Amino acid sequence: MDLTLTQDSIETIKALANDTRIAIVNLLQHQDLNISEIAHALNISTSITTRHIKLLAAVGIIDTYIKPHSIGQQKICHLKIDEINIRFPMKKHLEYQKKVIDIPVGSFTKYRATPTCGMASEHDYIGILDEPRYFMIPERNQAQLLWFSSGYVEYSFFNPIPEKGKIHLIEISFEVASEFPENNYVWPSDITFHLNGSRIGEWTVPGNFADVRGKLTPDWWPINNSQYGLLKHLRITPVETHIDGEKISNFNLSNIDISENFYKIRFSILDSSKHVGGLTLFGEKFGNSPQNIQVTIYYNE
């Protein structure tokens with residue numbers, strides 16, 4: 001039974017606002033009973049029981065039927081419904097929706113890179129290695145792997161949330177390693193994250209990995225070069241920012257102007273950091289994870 005907070009539902013709600021009638025409903029959940037059986041079970045008179053039964057029947061919670069008995073006929077009471085739902089005029093807790101933005105690693109809009117640095121597509125190197133100016137050639141959009149020793153890459157993406165939407169979580173996932181000529185398993189690097197120019201926090205990637213070929217890394221890529229990274233999930237919540245559950249700052253959703261038409265996410269290796277170990281970002285055709293940089297925004301309207 002579905003009820004709304006209108007005049008039509010008042011009698012049903014009133015019928016349940018009584019201890020005895022609640023007890024009758026609980027009895028009838030298990031089996032159909034006659035008036036005398038209900039009265040005996042609740043230690044009340046049959047006349048009082050009959051009055052309560054009439055009220056419950058009038059609002060459709062129970063019904064009655066006649067059954068032959070050895071001394072005549074008896075009225076049997078039967079529970080008609082399994083549950084009652086009360087719907088309020090306006091939902092307080094709205095269902096979350098989500099928007100997923102896929103960002104290829106080569107689609108950065110700003111950068112600064114210092115050697116060692118370079119880019120690679122699924123099939124070959126892009127441009128000339130260790131020449132930062134080649135980061136701006138049109139073919140960069142085909143990049144499935146990019147790396148640099150210090151600097152940053154910044155990505156702009158459209159804000160897909162409706163004007164009246166409320167954001168509850170922003171998640172940014174990416175596969176990442178540090179940067180070292182060839183590879184170095186213990187080569188930490190401090191990655192600093194910015195959103196719309198505001199510093200989100202810093203996290204240290206432990207190294208650059210080449211013990212086995214990446215699951216998606218193409219065969220032409222040298223086996224002694226970086227093969228895969230770690231898939232990380234940076235989440236901005238109403239309270240804080242964390243990476244895979246590890247808090248990295250107090251930056252939270254209230255620090256974001258959700259009316260902006262475009263958002264900018266920046267991955268930086270700052271010269272002032274303790275570990276300046278470079279950055280390697282993997283696209284969907286390199287490394288172990290079949291994805292580009294992904295931004296997922298959870299919201300409701």
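The following is a conversation about a predicted model, taken one feature at a time.

Colleague: What makes this chain one of two domains, and where do they lie?

Modeller: An automatic or database domain assignment sets the bounds, and the chain is divided into domain 1 (2–86) and domain 2 (92–300). Their C-alpha centres lie 63 Å apart.

Colleague: How do you know that strand 2 and strand 4 pair?

Modeller: Two strands pair if DSSP finds at least two bridges between them. Strand 2 and strand 4 (residues 72–79) have two bridges in the antiparallel sense, so the condition of at least two is met. One of the partnerships involves Leu 33, whose bridge partner in strand 4 is Cys 77.

Colleague: How many bridges join strand 3 to strand 4?

Modeller: Eight bridges join these antiparallel strands, and the requirement is at least two, so strand 3 and strand 4 count as a pair. Ile 66 stands opposite Lys 75 in strand 4. A hairpin of two residues links strand 3 to strand 4.

Colleague: Why are strand 2 and strand 3 said to stand at the edges?

Modeller: Three strands form an open antiparallel sheet in the order 2-4-3. Strand 2 (33–34) and strand 3 (62–69) each have a single partner strand, so one side of each is left without a neighbour in the sheet.

Colleague: What makes helix 2 a helix that packs on the sheet?

Modeller: Contact means heavy atoms within 4.5 Å. Helix 2 (residues 19–28) touches strand 2, strand 3 and strand 4, and its direction makes about 95° with that of strand 4.

Colleague: Which strands are at the edges of the sheet with five strands?

Modeller: The five strands form an open antiparallel sheet in the order 7-11-18-13-14. Strand 7 (110–114) and strand 14 (198–205) are the edge strands, as each pairs on one side only. From one strand to the next, the twist averages 20°.

Colleague: How do you know that strand 11 and strand 18 pair?

Modeller: Strand 11 (residues 150–158) and strand 18 (residues 262–269) are joined in the antiparallel sense over eight bridges. At least two are required, so strand 11 and strand 18 count as a pair. Phe 158 has Phe 262 in strand 18 as its bridge partner.

Colleague: What lines the largest pocket?

Modeller: The largest pocket has a volume of about 210 Å³. Its lining has 15 residues, and Trp 147, Glu 179, Pro 181, Glu 182 and Asn 225 lie nearest its centre. The lining divides into eight nonpolar, four polar and three charged residues. Trp and Pro count as nonpolar and Glu as charged, so Trp 147 and Pro 181 belong to the nonpolar group and Glu 179 and Glu 182 to the charged one.

Colleague: Which helix gives the most to the lining of the second largest pocket?

Modeller: Helix 2 does, with three residues. The second largest pocket holds about 180 Å³ of space. Among its lining residues are Leu 16, Ile 22, Val 25, Asn 26 and Asp 82. That lining divides into seven nonpolar, two polar and two charged residues.

Colleague: What makes the bond between Pro 115 and Thr 116 stand out?

Modeller: The peptide bond that joins Pro 115 and Thr 116 is cis, with omega about 5°. Thr 116 is in the loop between strand 7 and strand 8 (118–120).

Colleague: What is the phi of Asn 43, and where is this residue?

Modeller: Asn 43 has a positive phi of about 60° although it is not a glycine. Asn 43 is in the loop between helix 3 (35–42) and helix 4 (46–58).

Notes:
Residues are numbered from 1 along each chain as its sequence is written. This is a predicted model: local features need pLDDT of at least 70, side-chain atom pairs count only at pLDDT 80 or more; totals for chains, interfaces and linings use all residues. Side-chain values use heavy atoms; hydrogens and water are left out. Helices (H or I, at least four residues) and strands (E, at least two) are DSSP runs, numbered from the N terminus. Axes are lines fitted to C-alpha atoms, for helices over the stretch in contact, and angles run from 0 to 180 degrees between N-to-C directions. On a 1 Å grid over the protein atoms alone, a cavity is a set of points where a 1.4 Å probe fits but cannot get out, and a pocket is an open set with protein on both sides within 12 Å along at least five of seven lines; lining residues have an atom within 4 Å of a point. Grid points are joined across faces, edges and corners, and a volume is the space filled by probe spheres set on the points.
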